[in-house]
Amino acid sequence: MMVDAHRHRRHLFLGPPWVLMLGAVLAAAWHPSAALAKEPRGILTIALATFANETFLPDSTPGAEMVFSNYMFEHLVRRDPSTGENLPMLAESWKSQDGAATWVFNLRRGVKFHAGFGEMTCEDVKHTFAKAARPGTANTTTFLKKLKEVQCPDPYTAVVKLGSPHPMMLNEVNSGVFAQTTYVQSKKALERGDDAANRHPIGTGPWEFVSHTFGDRVEYKAVRNHWRQTPEFERLVLLKVPEAATRIAMVAAGRVDIAEVGVDFVKELKAARVETRAIAEFASVGITLGGMWPDRGAGTSKAGLPWAPLEDERARKVRLAFNMATDVQAIKSEIFGGFLDVTAATMFFPGKPWTPELKPYSFDPAKARQLMKEAGYPNCFEFTMLMVTWPGRGYGPRAGEAVASMLEKNLGCKITREPMDRAIFSRHFGARTYPGKALAYAFPQVGTEPWEIWIRIGHSKGAAQISGFEHPMMDEFLDRISQEPDVSARAKLQKQMAEWLYKQVPRIELGGTVALFGVSKRVGKWPLVPGQGVPHYTEYITRVD
Amino acid sequence: MQRYILGRVAQLVVSLLVVVTFVFLLSRLSGDPVLLMLDVRATEEEKQALRVHLGLDKPLPVQYAVYLAGMATGDFGRSVLSRRPVLEHIGERLPNTLMLGGVGILFSIAIGVPIGVYSAVKRGTALDHVARVFAVMGQAVPTFWLGIMLILVFGVWLGWLPPGGKSGPESFILPAITLGYFTGAAIMRLTRSSMLEVLGAEYVKFARIKGLHEQVVVWKHALKNATIPVLTFSVMLFVIFLGGAVVTETVFAWPGLGRLILEGINTRDYPIVQGGVMVFSAIYLLANLMVDILYSYFNPKIRYARPGG
Amino acid sequence: MSTVEAQRPVLVGHGLRKAWSLVRQLPPTSSILLSLVIIGAVFAEQLAPHHPTEGELRMRTRPAAWVEGGSTTHLLGTDDQGRDILSRIIYGTRISLAVSLTAVLLAGTIGTAIGLIAGYKGGFVDALLMRLADIGLSMPLILIAVVVTAVTGASFRNVILVIGSLLWPRFARQIRGETLSIKENDYIALARVAGRSGTYIVWRHIFPNVVPSLLVVSTLQVAYVILVEGSLSFLGVGVPPPHPAWGLMIAEGRQLVWTAPWVAGFPGIAMGLTLLAMNMFGDWLRDKLDPKLRQV
């Protein structure tokens with residue numbers, strides 16, 4: 001009797017349920033867009049020049065930490081790599097109210113934090129932003145300064161109330177260059193205390209934190225069945241390798257898959273036969289002439305500065321002479337390997353809707369000498385040039401050295417070079433402690449339109465005073481543009497601003513350059529967002545085996 | 001002997017105190033640390049609050065006392081950059097430096113001693129001359145340059161070895177050679193001269209007359225007595241390695257204590273610099289002390305009092 | 001012809017012969033190398049084919065003349081900014097010598113003074129000064145130099161001051177030892193009996209006799225300082241750019257090791273040869289002078 005039942009059941013096993021399952025498995029294996037994601041395997045290694053401050057907390061990251069942490073976190077919004085437009089990420093949709101003084105985000109449901117820290121809700125957004133905006137924070141994202149509160153009418157709706165209109169809010173909760181410190185972190189995780197939260201950070205991204213050896217390496221592992229994209233690699237390892245030549249050697253030998261390399265190493269990469277990926281419009285290079293701002297007390301401006309103030313005709317001749325004594329084309333070909341978009345006004349790249357038709361200052365040493373004579377400095381004068389090295393982007397000082405050398409040769413200036421570490425210099429930005437000094441620096445694009453950068457670097461209330469000058473006209477332009485919601489009206493205003501800048505000749509203008517990565521043979525397709533210079537979207541990298 | 005050691009230990013403490021005071025003053029002199037720790041837009045109240053919190057509002061001598069007390073109890077403060085305890089950072093990095101030093105010494109002994117021995121035994125031959133040229137070059141080639149050239153050949157052109165960083169065992173090879181070349185040459189010379197001295201000693205001649213096999217004479221009797229100065233010298237070499245650690249670790253991107261201090265300097269992370277220099281100096285001074293003790297202990301007079309080994 | 005006039009050529013000849021015999025005693029290799037270094041430092045303007053800090057950007061990273069792509073205008077090629085490497089190496093000798101000689105002068109003066117005082121006075125003064133010297137000797141010099149110059153800023157003055165003030169113990173110990181042994185001589189006791197002051201004795205009798213030893217130590221320390229300055233410049237806390245300090249050139253060339261290894265290669269060879277020459281010369285000097293000292 002039992003034997004018969006068994007035989008009967010055995011027949012059942014070959015019945016319909018099994019056929020269905022077998023069919024599903026075969027279909028999944030053969031169908032191009034399989035329902036089941038490919039099982040992640042292998043290790044993706046990235047060699048970076050620096051880990052910046054190496055912290056994961058929302059309130060201790062002035063900006064550059066994206067290079068170190070963007071892999072495990074997500075923002076409310078992200079950018080489309082090909083069109084640059086805003087796409088949903090943790091927020092599915094959004095709208096602005098009260099003239100862009102209030103922003104409402106509808107959050108995605110079912111997004112899980114790592115390591116069992118639960119589902120992402122409005123409370124997490126509220127807690128993260130509050131922490132990032134607390135007094136004494138190191139986070140310089142602009143909307144945080146205006147933040148009044150975040151209301152949570154329900155778990156999946158975040159109402160961000162700002163004190164005043166802020167049309168560019170979306171850029172700052174986006175996967176762009178300086179918005180990374182507005183990732184949404186887990187309230188529960190942050191409430192463990194700063195120490196614990198920093199030692200084991202929790203995010204929603206496709207990579208999950210595994211380990212961190214300070215100053216050396218960070219390891220992440222793939223999150224399987226991630227809501228957005230499961231990575232093809234099982235592990236992601238970041239290595240801190242300060243030397244460019246070493247990074248190049250590592251990627252050439254296949255020891256790392258991606259190496260962050262400055263654009264000044266194009267020749268070296270070619271010689272090593274390493275494939276490259278470039279991100280356009282990444283940084284702007286030039287020599288700031290500091291000190292053209294009103295006196296705020298001891299040490300913030302210097303009377304009798306040959307190139308100040310901005311409106312003075314004599315000073316303008318000096319600044320123009322500096323530009324005309326600089327052979328920008330030579331710098332472009334020799335130092336940037338051709339990767340320099342020469343600009344007539346800082347951040348205004350050729351071909352953009354907001355860039356007027358302007359010819360960059362010409363290279364004419366004879367005319368430059370003439371101008372200096374007219375200004376009363378036939379043999380130029382003495383000054384100091386600060387060379388700020390941005391780790392991994394050494395072309396700032398190299399370009400600075402080239403310019404200094406040209407000014408010495410063509411105008412007879414006497415220039416003292418002062419190398420300075422970016423970590424130190426960034427603390428002096430806002431305090432304006434470099435009057436009378438020139439500053440060779442490549443600073444990153446912080447937003448899509450030029451005014452978004454200028455409002456940080458050139459407004460009298462700006463966060464980082466790198467433009468070297470303050471002027472009521474500049475403030476007026478920026479205030480009007482930042483309140484203007486219409487794109488083409490903004491473009492028109494910015495054109496006027498560019499023309500005004502061009503006439504003022506505020507700095508020694510070079511141009512915009514790219515961010516460059518050397519990649520190994522294993523790296524296949526890799527979508528990259530223009531302007532965003534650190535390795536990102538690594539979860540979308542396809543393996544080539 | 002006891003008194004000598006006690007005296008030297010007391011001196012070590014004084015030296016350490018000097019270093020610690022020096023770094024303390026230096027960091028205070030280079031500007032208000034609070035300005036460097038906080039965001040530039042911090043208000044005056046916030047700055048003052050941090051000053052009180054860090055004890056910087058107290059007069060300098062009080063700050064100094066607090067600082068020393070902290071050091072004595074193992075509280076080296078927190079890194080400005082990472083906000084993690086300095087001792088934790090040092091704990092992560094120090095073993096790497098010590099490991100590198102150890103491997104370097106092993107390498108230099110492994111190279112220096114055999115060459116030194118053969119050079120002494122085969123004195124005047126071509127091998128001897130080659131060895132002596134090698135030794136002389138060891139003094140002249142700047143180690144950081146040698147490191148770069150080795151990386152160029154083996155890491156870049158040939159791609160056999162990692163061009164930097166600490167990974168598996170093969171990442172120790174180039175740094176060890178770079179460190180070991182200079183000291184290997186010194187060990188070679190020392191071994192050679194010690195061997196020559198000993199080979200001429202009475203008991204060795206006696207052993208030869210007795211008819212013992214040449215190899216036995218050389219290796220068993222002579223080497224045993226030549227190793228004492230070499231061992232003592234090795235500790236001194238460790239001191240030399242340590243002194244040059246900052247440079248070597250920079251060349252090879254080695255995650256050691258020397259580089260930690262340099263990075264701390266570059267980012268004005270003073271707690272790291274203070275703590276790092278203190279630990280580094282303590283080890284350096286201890287190693288120096290060991291050298292002195294070993295040298296005075298293994299006095300030549302004592303050595304020759306025990307013939308035949 | 002008077003006897004004096006007749007004797008003049010003989011006297012001159014005798015002087016020349018004496019000079020020649022001295023020169024013949026010098027170690028050949030190291031003396032020639034050192035002479036080249038000194039000549040390069042003194043006559044840099046005349047010898048260097050190009051300006052050391054003004055480069056032609058479009059001529060950057062050209063290889064040496066004997067390699068394809070090089071030319072005779074730049075015998076050893078150009079660096080990252082298009083500056084001639086040979087000229088920079090020649091001017092670099094000036095920097096190396098200037099920094100090391102000044103630092104050694106500083107340290108030597110302080111150290112000798114302290115050593116003489118400690119050795120002559122003896123007792124508590126000696127113990128105190130030698131404790132200080134021991135403390136100084138046991139410090140990790142490069143590390144402290146890095147920390148100090150990083151804070152005070154990279155400049156010639158700071159580098160010389162830092163190295164000089166950390167180096168004196170080496171001189172002090174040596175000179176003190178010499179002083180102790182010289183002090184035992186009879187003529188010293190005689191001078192004291194004759195009522196000569198301590199200062200007089202030290203200056204007139206002791207100091208001249210420590211000079212040979214001082215020379216030996218100085219030569220070797222100059223080599224050491226060149227190495228330290230090179231290391232500091234390499235780390236970016238020594239001589240500031242754009243000066244053609246060898247350590248700085250090696251650091252700058254390090255980034256170009258793929259495409260232009262000569263930028264770091266040649267300065268390193270120059271530095272190595274200089275150090276080699278100085279060490280060899282110092283050793284020779286020690287061998288020459290020490291035996292003489294033993295006779296005293």
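Among contacts in chain A between residues at least 6 apart in sequence, those that join residues at least 24 apart account for 70%. The model is a predicted one. Chain A has 545 residues, and buried residues make up 54% of them. Its secondary structure amounts to 18 helices and 17 strands.

One part of chain A to examine is an open sheet of 4 strands, whose order is β4-β5-β7-β6 and whose pairing is antiparallel. The edge strands are β4 (91-97) and β6 of chain A, each of which pairs on one side only. On average, and with direction ignored, neighbouring strands of this sheet are turned by 20° against each other.

Within this sheet, strand β6 (residues 147-154) and strand β7 (residues 157-162) of chain A are joined by 5 bridges in the antiparallel sense. The two strands form a hairpin, with 2 residues between them. The register can be followed from individual residues: A:D154 has A:T157 in β7(A) as its bridge partner, and A:V150 stands opposite A:V160 of β7(A). In a regular strand, side chains alternate between the two faces of the sheet. A helix accompanies these strands: α4 (residues 122-132) of chain A lies across β5 (102-107), β6 and β7 of chain A. The direction of α4 of chain A is at about 170° to that of β6(A).

A second group of strands in chain A centres on β14 (residues 382-389). Of the 8 residues of β14 in chain A, 6 are buried, so this strand is largely enclosed by the rest of the structure. Burial here requires 20 or more other C-beta atoms within 10 Å of the residue's own. Strand β14(A) runs parallel to β15 (residues 414-421) of chain A, and 8 bridges join the two. In that pairing, A:T389 stands opposite A:D421 of β15(A). Strand β14(A) is also joined to β16 (residues 437-444) of chain A, by 4 bridges and again in a parallel arrangement. There, A:T384 has A:K437 in β16(A) as its bridge partner.

Chain B offers an example of helix packing. Helix α6 (residues 126-140) and helix α8 (residues 173-199) of chain B pack at an angle of about 135°, and their axes are 8 Å apart. The two helices, α6(B) and α8(B), are therefore oblique to each other, an angle over 145 degrees being needed for roughly antiparallel. Their crossing is left-handed. On the side of α6(B), the contact is made by B:A131, B:F134, B:A135, B:G138 and B:Q139. Helix α8(B) contributes B:Y181, B:F182, B:G184, B:A185, B:A186, B:M188 and B:R189. By residue class, the contact of α6(B) with α8(B) comprises 8 nonpolar, 3 polar and 1 charged.

The final step leads from chain B to its contact with chain C, to which chain C gives 31 residues and chain B gives 34 residues. On the side of chain C that touches chain B, the elements giving two or more residues are α5 (123-137), α6 (141-152), α9 (198-235), α10 (246-254) and α11 (262-295) of chain C. Helix α6(C) supplies the largest share of that side, 8 residues. The residues on the side of chain C that touches chain B divide into 22 nonpolar, 6 polar and 3 charged.

Definitions and conventions. Residues numbered from 1 in each chain as written. Chains lettered and ligands numbered in written order. Predicted model: local features only at pLDDT ≥ 70, side-chain atom pairs only at ≥ 80, totals over all residues. Buried ≥ 20, exposed ≤ 12 C-beta atoms within 10 Å, placed from the backbone. Pairing = 2+ DSSP bridges. Contact = placed C-beta atoms within 7 Å. Nonpolar A, V, L, I, M, F, W, Y, C, P; charged D, E, K, R; others polar. Axes fitted to C-alpha atoms, helices over the stretch in contact; angles between N-to-C directions. Parallel < 35°, antiparallel > 145°, perpendicular 65-115°, else oblique. Left-handed = near helix turned anticlockwise from the far one by under 90°.
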